[in-house]
Amino acid sequence: MMSSLPRRVKSEAKALISEDDELPSFLNSTSESEEEEEEWEPKSKIAKRPRLPKKNEAKTKKVAVPRSAVARKRVKKVAIKEEMDVSLPIAPAEDNRMQLVKPKEEDVGTKRKTLNQKPEVPKKLEINSFQGKNVKSLESDEEPSTSVPVVGNQVKHEKSEEDFAFDEPPFKKIKSTTCPEGKPVKNLGGNKVKEEFEMNWDIVQALSEITNVEPWVCANLIRLFQEENTIPFIARYRKELINNLEADALREVQQTLEELRTVAKKTHTMIQKLKKEGKLSGCLLTALLNCRTLEELDHVSAPYKTGSKGTKAQRAKQLGLEPAALSLLHNPMELNLFSYIRPNTKGLSTIQEVEAGVQHILADIFAKDKDTLDFIRKLCQQRYICIQSALAKVSSKSGNEKDIDKFQLYHEFSCSIKNIQHHQILAINRGENLKILTVKVNIPDGVKNEFCWWCVNERWRPKQFLKPELMRILRNSVEDAYKRLIYPLLCREFRSKLTSDAEKESVMMFGRNLRQLLLTSPVRGRTLMGVDPGYKHGCKLAIISPTSQILHTDVVYLHSGQGFREAEKIKKLLLQYNCSTVVIGNGTACRETEAYFADLIMKKYFAPLDVVYCIVSEAGASIYSVSPEASKEMPDLDPNLRSAVSIARRVQDPLAELVKIEPKHIGVGMYQHDVSQTLLKATLDSVVEECVSFVGVDINICSEILLRHIAGLNANRAKNIIEWREKNGPFINREQLKEVKGLGPKSFQQCAGFIRFNQEYIKTFCSKKTELGSHALLTKAGSQGKKKSKPTPCASRQPNPLDQTCIHPESYNIAIRFLSFIGGNANDIGKSDMQQKVNAVIQKEGLEGTAKRLNTTVHTLQLIIDGLTQPEGFDIRTDFDKPDFKRSIVCFEDLSVGTVLTGKVENATPFGVFVDIGVGKAGLIPVRNITEAKLSKVKKRRSLGLGPGERVEVKVLNVDIPRLRITLDLIRVL
C-alpha cells in the first residue's frame with residue numbers, strides 16, 4: 001500500500017533536519033519570490049509534507065497494512081530523543097504519525113527569521129497547539145482506549161513549553177486521557193488548520209462555504225479525518241464535535257475536502273513545473289494560488305502548457321510579432337506594421353498575414369485576462385442561457401430505432417441552465433455519447449455584443465488615438481477571442497459544472513436508496529422457501545431454517561406442462577419443513593411462478609399451512625452465485641441453487657446477504673454506469689460501512705464478509721478475528737479484541753462500539769469452560785506467542801454486560817458511575833426495571849444536570865441511556881419496512897385508470913419514484929405528485945423523497961400498454 005510515497009517523504013524529512021538553520025535548496029523551489037517577506041513560508045509548508053501518506057491511508061483504510069506495535073514503541077523512543085538533541089536525523093519512521101512530532105529546531109529558526117512578520121506568528125502557534133495534541137494522542141493511543149485515567153505521568157516529559165501557544169488551553173489533551181468524551185469544545189485549537197500545500201484561501205473557510213457547514217465543525221472534521229477516524233465512529237461517538245451532523249453530511253464534507261486538496265496539490269505541481277521552465281511571474285503565482293477548482297486551475301495554466309505545435313498566438317510570437325501587438329495597445333502612434341513584413345517567411349509575407357498574427361496574439365491576451373473573464377461570467381449570470389439538444393443528423397440515418405426512441409423527450413429539447421434537472425443532464429450526456437443527440441449551449445448574441453463593446457471601449461481601450469485600420473484589428477481581435485476562445489471555454493465550464501453536480505446528486509441518491517434497502521427489517525424466526533424462477537432450466541428451490549442453515553435444495557419444472565405433478569412435490573416439502581413463507585425472485589418467469597403459487601394458495605392447496613409469498617429483487621444474485629465468496633460459503637451447491645439460497649436469505653437478513661454483493665449491482669441507482677466510478681464506489685462502500693456499523697454485529701456468530709464492513713476493520717483484520725475465534729473459542733468481552741493480530745489501538749477505538757456480545761451465549765460458554773477446568777484457559781493465554789506486545793491477562797476473561805450495548809468502551813467509566821448514581825445493576829440492562837430508574841433520575845435532574853454531575857456531555861449521556869434501556873437484541877431496523885407478503889395477484893391488463901393499489905417503492909430518482917404494484921412492471925409516481933402533505937409525519941425523514949422498501953397506496957393515472965408504462969398518483973404512505 002504505502003510503497004514509494006513514504007520513502008520519499010522520509011528522505012525529505014532527513015534533509016530538513018540535517019541542515020540545521022539554513023533553508024535546504026529544494027525548499028526554495030516552492031515559492032516564487034525570493035524576498036525576505038516570504039522566505040520562511042515554504043519552510044512551514046514543507047515541514048508538514050510528511051503528512052501526505054496520511055491522507056492516502058485514510059482514503060484506502062480498508063486495506064491499509066496494520067502497524068506493528070513494535071514500530072509504535074520505537075517511534076516513542078525517537079520522539080523523546082528529539083527533545084534532547086535537535087539536529088538528530090529522524091530514524092526511518094515506520095509510523096507516519098511520527099512525522100507530526102517536529103524538531104524544535106524549526107521553531108527556533110523561524111522565530112529568528114520572522115521578527116518582521118507579526119501577523120504570521122499566531123497562525124504558527126495555533127498549529128503548534130494542534131501538534132502538541134497529536135503528540136499527546138500518539139502517546140495515549142498506546143494505552144487501551146478506555147476511560148480509565150492514564151496512570152502516572154509518562155506523557156508529560158515529552159512536552160516542551162513551546163509545544164502549546166502562549167497559555168492556549170490544550171483542548172484535546174483533556175479529551176484523550178481523563179475524560180475521553182471531552183467537554184463540549186467548539187473547536188480543538190482554533191479554526192486554522194495547517195495544510196500540506198498552502199493556498200491563498202483558507203481550507204476551512206472554503207470547505208464551509210461549499211458544504212454549508214459551520215467553520216468550527218469543518219475544522220474539527222479535518223482533524224478527525226486526519227486522525228483516521230471513520231464516518232460511523234464520528235457520527236455516533238463524536239457528536240459534540242460535529243454539531244450532530246448526519247453521516248451523509250460527513251461524507252459530503254470528506255469528498256469536498258479531497259477535491260480541495262487535489263486542487264492544492266495540482267496547483268503546486270504546476271507552480272514547480274512553470275518555475276523550472278522559467279515562466280512563473282508574480283501575478284501568475286497569485287492567480288494560481290487563488291484557484292479553488294480544477295476548471296479554474298486549467299484555465300489559468302492553459303496558456304503555459306506546451307502544446308505539440310503551439311496555439312496560433314504562440315506561432316505568431318515565435319515569428320516576433322509580440323512587440324507589435326503590445327505596441328498596438330500601449331503605444332499605437334509608433335506602430336508600423338509594414339516594417340514586420342518578411343517576403344520569404346511563411347506567416348510574415350504579406351500585410352494580411354502580419355495583421356492576422358497580431359490579431360491572434362491580442363485574442364490570446366484578452367482570453368487569458370482574469371478581469372475580462374470575470375466580466376463575461378458575470379454577464380452570463382444575468383442573461384438567459386439555455387442548453388439545447390437535438391437529434392443528431394447521423395443517428396437518424398443509421399443506428400438502433402429503439403435507442404433513438406428512448407431519447408424521444410430530448411429530440412427537440414431546450415432548457416435554461418439554471419432550471420435544468422440533474423437527470424436531464426445525465427440523459428442528454430448519455431444521448432450525446434451514443435451519438436444520438438447533439439448538444440449545444442446557447443449564449444444570446446446580446447452577451448457577445450455587450451462584451452465586445454466593453455472590451456474595446458473600457459478594458460482594452462488604447463492608450464492613444466488609433467488609426468482606423470488598427471481599430472479594425474482590435475475589434476476583430478476581440479470578436480476572434482470571444483468566438484474562438486472564450487465562448488468554447490464558457491460552454492465547457494457550464495457543461496462540466498452541470499455534469500459534476502448531476503453526478504454527485506446521482507451518487508448521493510444511490511447512497512440514500514442503498515441505505516434504505518440495506519436497512520430493510522429482517523424477517524426472523526421463519527423457515528423460508530427461496531424460489532429462483534426459470535423456464536427451460538426449471539425453478540430452483542432452497543429451504544432455509546430460521547438460523548439461515550440450508551435444509552433442502554431442489555429443482556422443479558413448473559412451466560413445461562408438468563406443473564400439477566410438481567405441485568405435489570412442493571406441498572410435501574412445505575409440510576415436511578413446516579414452511580409457510582415463499583420468497584420468489586423477480587427475474588425471468590417471475591410472474592408465471594407468482595401466478596402458479598397464487599393459484600394454489602387461492603385453492604387452499606397447501607392446507608393446513610396458511611402459505612403467503614413475497615417477491616424480492618434478485619439483482620446481483622446470479623453474479624454472487626458464481627463469485628469466489630459463494631463457492632467458499634456453499635462449496636457443494638450448484639451455482640443455480642446458490643441463487644435460490646441468496647433470494648431466501650435476502651428476506652431473512654437483508655443486510656447480511658446484500659453486503660456480499662458489490663453495491664452497484666444491487667440496481668437501485670440512476671445512470672450509475674455513467675457517473676465517476678471512483679466516487680460511486682467510495683460513497684457506496686461508505687454507506688455499507690455505515691449501515692453495518694450502526695446495526696452492529698454479534699462478534700461470535702457473524703460472517704467474515706459482514707465483519708469486513710465494520711468501521712475500522714478490513715478484509716485482513718476480519719480474517720484475523722475469525723481465525724482467533726476458531727482457535728480460541730468465542731470472544732468473552734471487547735477487551736479481547738486487542739489480542740487479535742493487526743488490531744491496534746486505533747482500529748480498536750473505531751470498531752469497538754459496533755461489535756456486540758450476546759451475554760446468554762457467553763454465559764453458557766463460560767459455564768462449560770469452568771466445568772472443563774481452567775487449565776485450557778491458561779495454556780491458551782500462553783500460546784499467544786506470535787505477538788509479544790499484547791499479553792493476554794486472565795483477568796480480562798470476565799464477560800462485561802456493557803458489551804451488549806452501543807456504549808463505547810471509552811465511556812464505560814461514565815456508564816458505571818451513572819449506574820451507581822441511579823442505583824441500577826449492570827445485569828438489568830434492557831429490562832423495564834432499568835427504564836424506570838433512568839426515567840426517575842432524568843425527570844428529577846434533567847439531562848443536562850445529570851451530564852454536568854457526571855462531568856460528561858449530553859450526547860454521551862444520551863448514548864449511555866439508550867444503551868442501558870434498549871431491550872436485549874434491539875435492532876435499529878425494526879422501524880424500517882418489511883417485505884410485502886400477499887396471497888393473490890393482478891396483471892397488467894387488469895389495470896384501469898382510477899384503480900387504487902398498494903405497492904412497494906423499488907427505486908427513487910430525482911424525477912419520480914418507481915413502485916412495484918405486482919403487475920410485472922413498476923409504475924412511476926412523477927415527482928410533482930409527491931407532496932409533503934402525503935408523506936407520513938411519524939417517520940423521521942432525511943429528505944422529501946420516498947426510498948426503496950417503503951409501502952405506499954397509489955392510484956393509477958395512466959396506462960400506456962405499447963410502451964409498458966404506468967403513471968401513478970401517491971395517495972399516502974402506509
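Modeller: Let's start with a yardstick: a residue is called buried when its relative accessible area is under 20%, and exposed when that value is over 50%. Keep in mind that we are looking at a predicted model.

Colleague: Fine. Is A427 buried or exposed, then?

Modeller: A427 counts as buried, because its relative accessibility is 2%. You'll find A427 in helix α20, which covers residues 422–433.

Colleague: And which residues does A427 touch, leaving out those up to four places away in sequence?

Modeller: Those would be F407, Y410 and Y671. Take F407: it is 20 residues from A427 along the chain, yet their C-alpha atoms are separated by 7.8 Å.

Colleague: Let's move to the sheet. What is the order of its three strands?

Modeller: Read across this open sheet and you get β2-β1-β3, with antiparallel pairing. The edge strands, β2 (412–416) and β3 (437–442), each pair on one side only. On average, neighbouring strands here are turned by 15° against each other, ignoring direction.

Colleague: How many bridges join β1 to β2?

Modeller: Five, with β1 (residues 386–391) and β2 running antiparallel. For a single example, look at I387, whose bridge partner in β2 is C415.

Colleague: Which strands does α20 lie across?

Modeller: α20 lies across β1, β2 and β3, and runs at about 125° to β3. Helix α22 (residues 468–518) packs on the sheet too, touching β1 and β3, and its direction makes about 110° with that of β3.

Colleague: As a bench person I always look for disulfides. How many does the count come to?

Modeller: The test is simple: two cysteine sulfur atoms have to lie within 2.5 Å. By that rule the count is zero disulfides.

Colleague: Why is there no bond between C452 and C455?

Modeller: Because their sulfurs are 6.6 Å apart, too far for a bond, and C455 holds the cysteine sulfur closest to that of C452. C452 counts as buried, at 11% relative accessibility. C491 is in no disulfide either: its nearest cysteine sulfur, in C380, is 9.0 Å away. C491 is also buried, with a relative accessible area of 13%.

Colleague: Now the aromatics. How many aromatic pairs does a search of the whole structure find?

Modeller: It finds 13. In one of them, F451 and Y482 sit 5.8 Å apart, centre to centre, with 40° between the planes, so the pair is tilted, since tilted covers whatever is neither under 30 degrees nor over 60. This pair links distant parts of the chain: F451 belongs to helix α21 (residues 445–459) and Y482 to helix α22, 31 residues apart. Both F451 and Y482 are buried.

Colleague: What other ring does Y482 pair with?

Modeller: Y487, in another tilted pair, at 6.3 Å centre to centre and 35° between the planes. Y482 has a relative accessible area of 5%, so it is buried. Y487, with 26%, is partly exposed. Elsewhere, ring pairs link F233, Y237, F694 and F754 into a cluster.

Colleague: How do I check a helix, say α31?

Modeller: Compare the expected span with the end-to-end distance. At 1.5 Å a residue, the 14 residues of α31 (residues 715–728) should span 20 Å, and its end C-alpha atoms are 20 Å apart, so the two agree. Its buried residues include R717, N720, W724 and R725. Just after α31 comes G729, with a positive phi of about 80°.

Colleague: What does that check give for α38?

Modeller: Agreement: the twelve residues of α38 (residues 858–869) should span 16 Å, and the end C-alpha atoms are 16 Å apart. Among its buried residues are L861, L863, I864, I865 and L868.

Colleague: What covers the buried residues of α38?

Modeller: The cover includes α10 (231–237), α35 (812–822), α36 (832–845) and α37 (847–853).

Colleague: One last residue. Where is D969 placed?

Modeller: D969 lies in strand β15, residues 965–973. At 18% relative accessibility, D969 counts as buried. Leaving aside neighbours within four places in sequence, its contacts include K934, E953 and K955.

Definitions and conventions: Residues numbered from 1 in each chain as written. Predicted model: local features only at pLDDT ≥ 70, side-chain atom pairs only at ≥ 80, totals over all residues. Heavy atoms only, no water. Helix = DSSP H or I, 4+ residues; strand = E, 2+ residues; numbered from the N terminus. Buried < 20%, exposed > 50% of the residue type's maximum accessible area, 1.4 Å probe, protein only. Contact = heavy atoms within 4.5 Å. Pairing = 2+ DSSP bridges. Axes fitted to C-alpha atoms, helices over the stretch in contact; angles between N-to-C directions. Expected span 1.5 Å × (residues − 1). Phe/Tyr/Trp six-rings, centres within 6.5 Å; stacked < 30°, edge-to-face > 60°.
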